[in-house]
Amino acid sequence: MPQSDLPYRLALARVPRIGAKRMAQMEAYFGSMADAWSAPDGELRQAGIDGATLRSLHQARGRTDPEGEMAKLQASGVQVYTLHDDAYPPRLREIYDAPPLLFVRGEILPTDEWAVAVVGTRRVSPYGRQVTAELSGGLAGNRVTVVSGLARGVDAIAHESALEAGGRTIAVLACGLDMVYPPEHAGLAQRIAEDGAVVSEQPLGTPPRPDYFPRRNRIISGLTLGTLVVEAPQGSGALHTANWANEQNREVFAVPGRISSPTSKATNNLIQQGMAKLVTNVSDILEELNLQMVEQQLEMSALLPDDPTESAVLERVGSDPVHVDDCVRLAGLPVATVSSTLAMLEMKGVVRQVGPMTYVRR
């Protein structure tokens, strides 16, 4: 993506009704987002943009300066990743309706692919508080990144416990990164940015809105291998995250609770209906996701040579089985190169073969 396109992507992100789908339509038709921003209505309609979106775009053009958006971003200390950037989280890129822009305060590392979401009720019980702290701290102690939404209750405990265990954590917000919701978690957000990342799909200056939170939850689950629901009453927002995880073909885990406890009704139902795996300790999660050997995998990764071909191939191999042909197509490399590179990575213990010409990361 040309760097000159970024200001126009930032400006288009301000336009109501323009999300991942319409951004992709504009890019496919115009090639340049600068051309899309200034295109006449006739061409925009040919690109698939409807009348209501055109009206929103007209209004945005009158009040939004693309270069001004870029200047505000640079002054804020916030990074932005597009779907074209290597730094964009690969697991998040896989989901339906992946955010076309991801704003980041802090740093997302390659090791954050080993991540589990921990979510639950804001009105957490003493039992839920204890379990959240134990499981989140246990995940972080095993070098697994803990992802949550910075909300009161389970979310905040999950972040704090990961930090106290010396691990990494990522908070996903439903507002711009120049504000924090809830406001009393501003200090926690700062600590997370120093030892992890605070991220959002919302541009700077965007206040939280009720409809942003369910969409925020798809990012929480999308960044992770699986989602753990600790405590949740019926109708809890944590169930949205669990539902997103199921739709994204990610694992769902739940902590059982007393049958008389309102805050355990949803978690018990998830387990009873077979929609979540019962969790009583951190090993249940690590074993299900094959994360017992993260420490050794990280050590092995550190020993890998800085080889661009190996990096390009390894980037296309995740926890879901991938065929050599898919690696060839995604990496844009010859079949022989991909096959020999995968064989070398298998010898190093970084990937393993799980079927004919099919691989997963170890």
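The exercises below deal with the overall build of the chain, with two residues that touch one another, and with a pocket.

The model is predicted, so that local features need pLDDT of at least 70 and side-chain atom pairs count only at pLDDT 80 or more, whereas totals for chains, interfaces and linings use all residues. Residues are numbered from 1 along each chain as its sequence is written, and side-chain values use heavy atoms, with hydrogens and water left out.

**Exercise 1. Determine how the radius of gyration of the chain stands to the globule rule.**

Step 1: the chain has 18 helices and twelve strands, where helices (H or I, at least four residues) and strands (E, at least two) are DSSP runs numbered from the N terminus.

Step 2: the radius of gyration is 21 Å, close to the 21 Å that the globule rule gives for 362 residues, so the chain is as compact as a globular protein of that length; the radius is taken over C-alpha atoms, and the rule is 2.2 Å times the number of residues to the power 0.38.

Step 3: along the principal axes, the C-alpha atoms fill a box of roughly 60 × 55 × 40 Å.

**Exercise 2. Describe the surroundings of R218 and Q248, and state whether each is buried or exposed.**

Step 1: R218 belongs to helix α11, while Q248 is found in the loop between α12 (237–247) and β8 (251–254).

Step 2: R218 is buried because its relative accessible area is 1%, and Q248 likewise counts as buried, at 14%; buried means under 20% relative accessible area, exposed over 50%, and partly exposed in between (1.4 Å probe, protein chains only).

Step 3: leaving aside residues up to four places away in sequence, R218 touches I95, D97, A98, P99, E201, W244 and Q248, and Q248 touches I95, R218, S221 and G222, a contact being heavy atoms within 4.5 Å.

Step 4: the side chain of Q248 also reaches the backbone nitrogen of G222 at 3.2 Å.

**Exercise 3. Work out which residues lie nearest the centre of the second largest pocket.**

Step 1: a pocket is, on a 1 Å grid over the protein atoms alone, an open set of points where a 1.4 Å probe fits, with protein on both sides within 12 Å along at least five of seven lines, and lining residues have an atom within 4 Å of a point.

Step 2: of the 22 lining residues, A13, V15, I18, G19 and Q202 lie nearest the centre; the elements giving two or more residues to this lining are α2 (20–30) and α11 (212–222).

How values were computed
Polar contact = N/O pair within 3.5 Å; in protein donor to acceptor, adjacent residues only side chain to side chain.
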